Amino acid sequence: MALDKQWFAQMESRIPKGEVRTRFAPSPTGYMHVGNLRTALYTYLIARHAGGKFLLRIEDTDQGRLVEDAVDVIYATMRRCGLDWDEGPDVGGPVGPYIQTERRDLYGKYAQLLLETGHAYRCFCTEERLEELRQDDPNAKYDRHCLSLTPEEIQAKLDAGEPYVIRQRIPEGTTTFHDAVYGEITVDNAELDDQILIKSDGLPTYNFANVVDDHLMGITHVVRGAEYLSSSPKYNLLYQAFGWEIPTYVHCASVMINDPATGSVRKMSKRHGDPSYEDLMAQGYLSQAVVNYVALLGWAPHGALAEQEFFTMEQLIAAFDIGHISKSPSAFDLDKLNYFNAAYLRSMEPQAFAQAAAPYIRQAVTNPAYDVSAIAALLQARCERLTDIPEKVDFFDTLPQYSVELFTNKKSKTNPEVSRAMLEAAIPALSALDQWTQEGIHNALVQLAAQLEVKNATLMWPVRIAAAGKAVTPGGAIEICQILGREETLRRLTLGLSMLQG
C-alpha cells in the first residue's frame, strides 16, 4: 500500500512552532495520585513561565484499565488545582483530536512509514510462543524471530489473515539522549527490547502513541516520572527514525513515603493505598495547600526566594525553572502538609473559612440555634484540617460525660473546691446580665475575678469545663458561653456545680 506523502506533509503543516508547548497526558484509569499531580503541575508551570501553551491529552489506548467517570475526575481535579489548559478534548485546538482513541487511524500510517524505512517489522508470534520465551526469564527480550521472515512469508501470513503486531527495530550501537534533570545518558542498544508499537487490535501502545502525538502536537518539553528514563532511548530512536526534532526531556525523581505498615520507605502508589488528590480533599485539605506543598516535592526556589515556602500560583509561575528540579527522590510527609494546610486555613478571609468549615461544623452541631460563623471564628486558628472540626465542636450539641478531675488544673490554680466556689459565684453573675453578648459576658467574669481576688484563669477554667465538658476546646469560656446562649450555659454550669457539690 503506497503511502500518501501529501497527508504526512499536511500533518506536519498543522504543528504550531515558535513557542513552548507542554502537555499533561493522563490515562483515565483512576484518581489522580500525588505523583501525577506533580507532573501536571510542573508541566503547567514550565509552559506558563515561558508564556507558552499547556495541553491536556487523554491517553485511553489501554481500554482494559479504563475507569468510568475518570475523565471527569481529571477535569475536576485540574480545575480545582488551578491548572487551566489552552488546548484539550473539551476546548479543542489546532492539533486535535486530544483523545488518543479518536486518533487511532493515524498511528497505523506512521507505523507503516517505519515499516517502509526498515525501522519496524511485523511480528506474527502467538502469545503461547512468547510465553515460552519468558518461561526461564520473565523479563526476557523478544528474540526477533519474525525479523528473519522473507517478504513472501510475510505476505502469505497476511493473506491468511494471521494476526500480528508491529515492533520497533532497535539498531545496533548505542543511544545517547539528554535529560534536563539527569544530564546526558548513553545506553547500549543491546539492552533494549524490540517494543511493540501497534497491537494486534490496531491500537497503538502507550510508547508509540506518546511519541507520535507529542510530535504532531508540537510538544517542546516532555515532563514525566524518572521511571520512564529507561524508555527514553526507545523514544529517541523513534524520533530519529522519523527525522523529527527531539523534545526536551524532564524526568522527575519519585515521590517517596514512609510506609506505615512496614516502616520502610517506598515510592508512593495508589496500589498501596497512599492518598490520591481526591483522598486528600476528603481528608480536609485545601487545594491551594496541596498544590503549594506538591510544588516543593522535588523542586526548590533559589536566590532571593530560597527560604520562601508559601507561593501563590502566580508566584510559582514566576519562580519555577527546570534547572532547580532535584535528581533525588522527595519525601511525602503528612505532618509537613498539615503545616501548609493550617497556614492556608488561617490566612483565609473569615467569611471564606466559615463557608468552607460549615459542612464539617454541621456534622457535629446540628442545632440551628448555634451560629456557624461564630463557631468557625473559634476554629480558624485552631485546626490543621477541615476534618478536624467535628470532634472539636461536638460538645455544642451535646454536653459529653466528663470527670470532676477536669476541674483540677495546676496552671490555673484550680481544684474541685476552688472550682465549686468559682461556679457558685459565676452562675448568679451571668444570670444577672441584661444582654447576652460576648462583651457583657467578658466584663461580668473579669469583674467577678477581681472581686474574688483571683486570676482570670482561676475563674475561666471551671466555667469553660462546665460549659464544654472538655479539657481542650476551640475558644475560651467567654466565646463558648456566648454561642451556647444564656439558658444552656446556665444549665451546664449548674450541672457542673452539682457534680462538684455531690
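How many disulfides does the structure hold? Zero. Some notes from my pass through the model, which is a predicted one.

1. **Cysteines.** With zero disulfides in the structure, I looked at C252: the nearest cysteine sulfur belongs to C81 and sits 16 Å away, so no bond there, as a disulfide needs the two sulfurs within 2.5 Å. C252 is also buried, at a relative accessible area of 2%. C481 is buried too, with a value of 0%.

2. **The largest pocket.** Its volume comes out at about 1,400 Å³. The lining takes in 46 residues, and S27, H33, N36, R65 and Y228 are the ones nearest the centre. If you want to go by element, β1 (21-24), α2 (34-49), α7 (206-216) and β8 (221-225) each give two or more residues to that lining. The largest share is from α2, with five residues.

3. **Helix α12, geometry.** This one covers residues 334-347, 14 residues in total. From first C-alpha to last it reaches 20 Å, close to the 20 Å expected at 1.5 Å a residue. At its start, a side-chain oxygen of D333 comes to within 2.9 Å of the backbone nitrogen of D335.

4. **Helix α12, packing.** Its buried residues are L337, N338, F340, N341, A342, Y344 and L345. For reading that list: an α-helix has 3.6 residues a turn, so residues three or four places apart point the same way. The cover over the buried residues of α12 includes α9 (277-282), α10 (287-295) and α13 (350-364).

Terms used. Residues are numbered from 1 along each chain as its sequence is written. This is a predicted model: local features need pLDDT of at least 70, side-chain atom pairs count only at pLDDT 80 or more; totals for chains, interfaces and linings use all residues. Side-chain values use heavy atoms; hydrogens and water are left out. Helices (H or I, at least four residues) and strands (E, at least two) are DSSP runs, numbered from the N terminus. The expected span of a helix is 1.5 Å times one less than its number of residues. Buried means under 20% relative accessible area, exposed over 50%, partly exposed in between (1.4 Å probe, protein chains only). Contact means heavy atoms within 4.5 Å. A polar contact is a pair of N or O atoms within 3.5 Å; within protein, one must be able to donate a hydrogen and the other to accept it, and residues adjacent in sequence count only if both atoms are side-chain atoms. On a 1 Å grid over the protein atoms alone, a cavity is a set of points where a 1.4 Å probe fits but cannot get out, and a pocket is an open set with protein on both sides within 12 Å along at least five of seven lines; lining residues have an atom within 4 Å of a point. Grid points are joined across faces, edges and corners, and a volume is the space filled by probe spheres set on the points.
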